[in-house]
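Reader: I would like to go through this model term by term and ask what stands behind each label. Please set the values against the cut-offs where a label depends on one.

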Amino acid sequence: MNTVLSSLHIRRVGIDTWRENVAFLHRSCPVVRAAGFQALAKVTVRANGQSIAAVLNVVDDEAIVGPLELGLSEEAFDRLGVAAGRDVTVEHAEPPPSIAALHRKIAGERLSRDDLVAVMRDIAAARYSKIELAAFVVATNQFELDRDEVLHLTEAMIAVGRRIDWQHDVRGGPVVDKHCIGGIPGNRTSMLVVPIVTAHGMLCPKTSSRAITSPAGTADTMEVLAEVELPLERLQQIVRETRGCLAWGGTADLSPADDILISVERPLAIDSPGQMVASILSKKIAAGSTHLVLDIPVGPSAKVRSMPEAQRLKKLFEYVAQRLGLQLDAVITDGRQPIGRGIGPVLEAHDVMQVLANHPDAPQDLRQKSLHLAGRVIEFDPDVRGGDGWRIARDILDSGRALAQMNAIIDAQGRRGAIPDPAPLTFEVTAAADGVVIGIDNLRLARIARLAGAPQVRDAGVWLARKLGDAVRQGELLYRLHAHYDTDLSFARRMAEQGSGYRIGRAEDMPHDFARNGAAA
């Protein structure tokens, strides 16, 4: 029987528990004694006709919560939506309705579509604790989802979130998007593809993520230039005005169950193919996309390490997309090194704007890859012949139309002013010997950039002076660290000195083309 105590008052506790509802009770609170609550117990909190599930933390410090108060973390307080000081009741929570399905998956059983819809509904409603979420993530990774389970998981993620319908705006035409599976520092191609394809006249409502374990997400870099946290109604208005946007997807609530699962997957470093496919495609379909170009980078320190692995992943994406009515063009690209010269929001924003302005110092790898992907998106236009997309994209960029379109999108979203200079504290990482750059470790450079402060410190990060195939002399610059704080620079410098992430060798030791490295364009 659930025990309820109604004489508690809500207290907002300023703790960010990241996608988890947490409630706080003082150890001497009468409800703790009466109900036998223990730390990490799951409880139901009710106030003013609203209710949430939460994980209980028991505290001893009255500065956090008093004996007759129920504290709520920021996430829980926002979800409950009731003012501080209001009366609140708390009781033992019933197990989530889908808990039996979770137990079956832990045992290695296959889950049906109804099972997965129930699990996603409970996850979206925050009825699962982080422990239970971790169990689901690990189980679906250990007992790999078959392709129909991946399809059903994608459908389930879509079913429990919001969906945007743009068909009135395109009158049957394509709603396009471009997405990369991630893992490559820099690589800010979306910020070039969107203005190019929308200047062509296509509708491209791009919602992007913030960084969790990387030095910058597209939303972090775009936020250097413009506001990205846009209410759904405002986002729709901007897209109708400019035919595109580059906004953070978190405010749209398009795939809330996936957002919660990501908060567990990333710390566990689990990114299984099935979860990746469901995560990406659910968000694209929920955002109203009908046509998607998918970038799958392949390289020794990318998420996908070999061509066979890339082809398997491509086929899984194509299987699910086809059955959900999404036209998909999956492109396998060179993931052996970062794209562009900057790693970190401000440094990447400089790269993007240099390419848009056709600046002579603009990074050519970022320009060429963006044109390649934008061309593939443009070829979704039924009036464009196959093979003409790259030329059209190049003409739009070279003519300045892409820059003008990007400025229109920035102004519509809310311009933030001039791009700041990179952070002032620097350290130069140099070559230990003469030779040629034959290898660059994406993961290590990303970690070094994060230690320098990115993305939280937006002008921190890494600026690359050398790329694969470049000749270098001993003592010449490989890359420069930028930091705002001495401690950040010290941490990043120490890691760079332990291992720069660059391999210097003989020119003949490096594959001369992408195909020899295990992938093809």
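Reader: What is Glu348 in contact with, leaving aside its neighbours within four places in sequence?

Author: The model is a predicted one. In it, Glu348 is in contact with Gly186, Arg188, Ala216, Thr221, Gly342 and Ile343. Contact is used here for heavy atoms within 4.5 Å.

Reader: Where does Glu348 lie, and why does Glu348 count as buried?

Author: Glu348 has its place in helix H14, residues 345-356. The cut-off for buried is under 20% relative accessible area. Glu348 has 2% relative accessibility, so the residue counts as buried.

Reader: What makes helix H8 largely enclosed by the rest of the structure?

Author: Helix H8 covers residues 190-199, and 10 of the 10 are buried, so the helix is largely enclosed by the rest of the structure. The buried residues of H8 include Ser190, Pro195 and Thr198, as well as Met191, Leu192 and Ile196. Just after H8, Gly201 takes a positive phi of about 110°.

Reader: Which residues other than glycine have a positive phi?

Author: Arg19 is one of them, with a phi of about 65°. Ala126 is another, with phi near 60°. Such values stand out because most residues other than glycine have a negative phi. Arg19 lies in the loop between strand S1 (5-12) and strand S2 (22-26), while Ala126 lies in the loop between helix H4 (113-124) and helix H5 (130-142).

Reader: Why is Arg19 called partly exposed and Ala126 buried?

Author: Buried means under 20% relative accessible area, exposed means over 50%, and partly exposed is in between. Arg19 has a relative accessible area of 23%, so Arg19 is partly exposed. Ala126 has 13%, and is therefore buried.

Reader: What makes the peptide bond between Ala454 and Pro455 cis?

Author: The omega of the bond joining Ala454 and Pro455 is about 0°, and the bond is cis. Most peptide bonds are trans. Pro455 lies in the loop between helix H18 (442-451) and strand S15 (461-464).

Reader: How many residues does the largest nonpolar core have, and which have the most contacts inside it?

Author: The largest nonpolar core has 51 residues, and those with the most contacts inside it are Met120, Ile123, Ile181, Leu281, Ile296 and Phe317. Helix H13 (residues 307-323) gives the largest share of this core, 8 residues. Leaving aside its neighbours within four places in sequence, Leu281 is in contact with Thr154, Leu292, Phe317, Val320, Ala321 and Leu326. A second, separate core has 46 residues, among them Val176, Ala374, Ile392 and Ala402.

Reader: What is the secondary structure of the chain, and why is the chain called as compact as a globular protein of that length?

Author: The secondary structure comes to 19 helices and 18 strands. The radius of gyration is 25 Å, and the globule rule gives 24 Å for 521 residues; the two values are close, so the chain is as compact as a globular protein of that length. Along its principal axes the C-alpha trace spans about 75 × 55 × 45 Å. Buried residues make up 55% of the chain.

Reader: How many of the contacts between residues at least 6 apart in sequence join residues at least 24 apart?

Author: The share is 80%.

Technical notes:
Residues are numbered from 1 along each chain as its sequence is written. This is a predicted model: local features need pLDDT of at least 70, side-chain atom pairs count only at pLDDT 80 or more; totals for chains, interfaces and linings use all residues. Side-chain values use heavy atoms; hydrogens and water are left out. Helices (H or I, at least four residues) and strands (E, at least two) are DSSP runs, numbered from the N terminus. The radius of gyration is taken over C-alpha atoms; the globule rule is 2.2 Å times the number of residues to the power 0.38. Buried means under 20% relative accessible area, exposed over 50%, partly exposed in between (1.4 Å probe, protein chains only). A nonpolar core is a set of buried Ala, Val, Leu, Ile, Met, Phe, Trp, Tyr and Cys residues joined through side-chain atoms within 4.5 Å.
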